[in-house]
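Trainee: I would like to learn how to read the overall fold and the aromatic pairs of a model. Could you take me through one?

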Amino acid sequence: NSDPAADDLEDLLDSVRKAGQQCITGLENRLYAMDTWRTAADLEKVREALGLQRLNAVGVGEGSRVLGVYGDRFPDRVGRMVFDGLPDPSGDSLVTMEGVAAGAEATFAEFAKDCVARSCPLGPDPKQAFLETLANLRSTPVTTNESVLTSGSAARATLVGLANRSSWPALADAIAKARAGDGNALLTYVQPIITDSREQPAMLDVGLVTGCNDTKTRLALERLNTTAKDWRVRYPLFGGVMAQNLVLCSAWSVAAQPPLALSGRNLPPIVVISTASDPVTPQPGTERATQ
């Protein structure tokens, strides 16, 4: 719910510190056992249990990263694989998060074109309508059935909706409703991220632990604030959100075992698929990973 337009990220950093302390208290020495390097080992256990000589698999997004690390660890056990949206292999979160910000802006531009072509309820300038919606929520958050829709949760909800092109019409309707004071539809996009259910835990919890264990990037508050200011200018829709993502690991201690770098050595040919204007795994990052 933190405001992506906030000039100072200190409050968010304090919240992240508290969350990290809770994770350490709750998980103790298991905390650093959750990363992509060990997930690849879990996948090898699955192969053994299935009695397969080689593992054939399709990975989507982060699943592709797991398969890539699996290939580095167990190259002789790789069969036929497809990587759909292989994340940028850089270990520097500044590089990867800026890439995602640029990808998200490009995706919203395509969403806006589609919106105008359909005469959607966001009018002739969907980008301006979205920015006005965020500004309104910044000054007056909207109470919903489940929670409160803020500018931060609205921006993240939109990112989730942009990832699935088939949901673009519903996303446009949800943004328009939020603009009119009804935030229920838009908030549903972020509920799986922040809310536990009987089916699965909050995605933020798993993503926070695994993501922070996977990277060694830790930035001081001054660098975070400077980066956020720069990105908000260059990526006015989602630069602030991606700068917030940098904060998430900045108070997290560095895991002793870094994930393996992707090398592709001794692997059979692998098909890598990328989506133009992808807000999750942008095409330039996937191209770098492929190279």
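Trainee: What does the radius of gyration say about this chain?

Mentor: Keep in mind that this is a predicted model. For 291 residues, a compact globule would have a radius of gyration near 19 Å, and the chain has 20 Å, so the two agree. Along the principal axes, the C-alpha atoms fill a box of roughly 55 × 45 × 40 Å.

Trainee: Which helices and strands should I expect, and how many?

Mentor: You will find 13 helices and five strands in the chain. Among contacts with a separation of 6 or more, 72% are between residues 24 or more positions apart. As for burial, 42% of the 291 residues count as buried.

Trainee: Now the aromatic rings. How is a pair of them described?

Mentor: Two values do the job: the distance of the centres and the angle of the planes. This structure holds six aromatic pairs. Take F130 and F238: their ring centres are 5.9 Å apart and their planes lie at 40 degrees, so this pair is tilted. The pair links distant parts of the chain, with F130 in helix α5 (residues 126-139) and F238 in the loop between α11 (221-234) and α12 (239-248), 108 residues apart.

Trainee: Are these two rings buried or exposed?

Mentor: Under 20% relative accessible area counts as buried. F130 has 1%, so F130 is buried, and F238, at 0%, is buried too.

Trainee: Which aromatic cluster do F130 and F238 belong to?

Mentor: They form one cluster together with F108, F111 and W168.

Methods
Residues are numbered from 1 along each chain as its sequence is written. This is a predicted model: local features need pLDDT of at least 70, side-chain atom pairs count only at pLDDT 80 or more; totals for chains, interfaces and linings use all residues. Side-chain values use heavy atoms; hydrogens and water are left out. Helices (H or I, at least four residues) and strands (E, at least two) are DSSP runs, numbered from the N terminus. The radius of gyration is taken over C-alpha atoms; the globule rule is 2.2 Å times the number of residues to the power 0.38. Buried means under 20% relative accessible area, exposed over 50%, partly exposed in between (1.4 Å probe, protein chains only). Contact means heavy atoms within 4.5 Å. Rings of Phe, Tyr and Trp (its six-membered ring) pair if their centres lie within 6.5 Å; planes under 30 degrees apart count as stacked, over 60 as edge-to-face and the rest as tilted.
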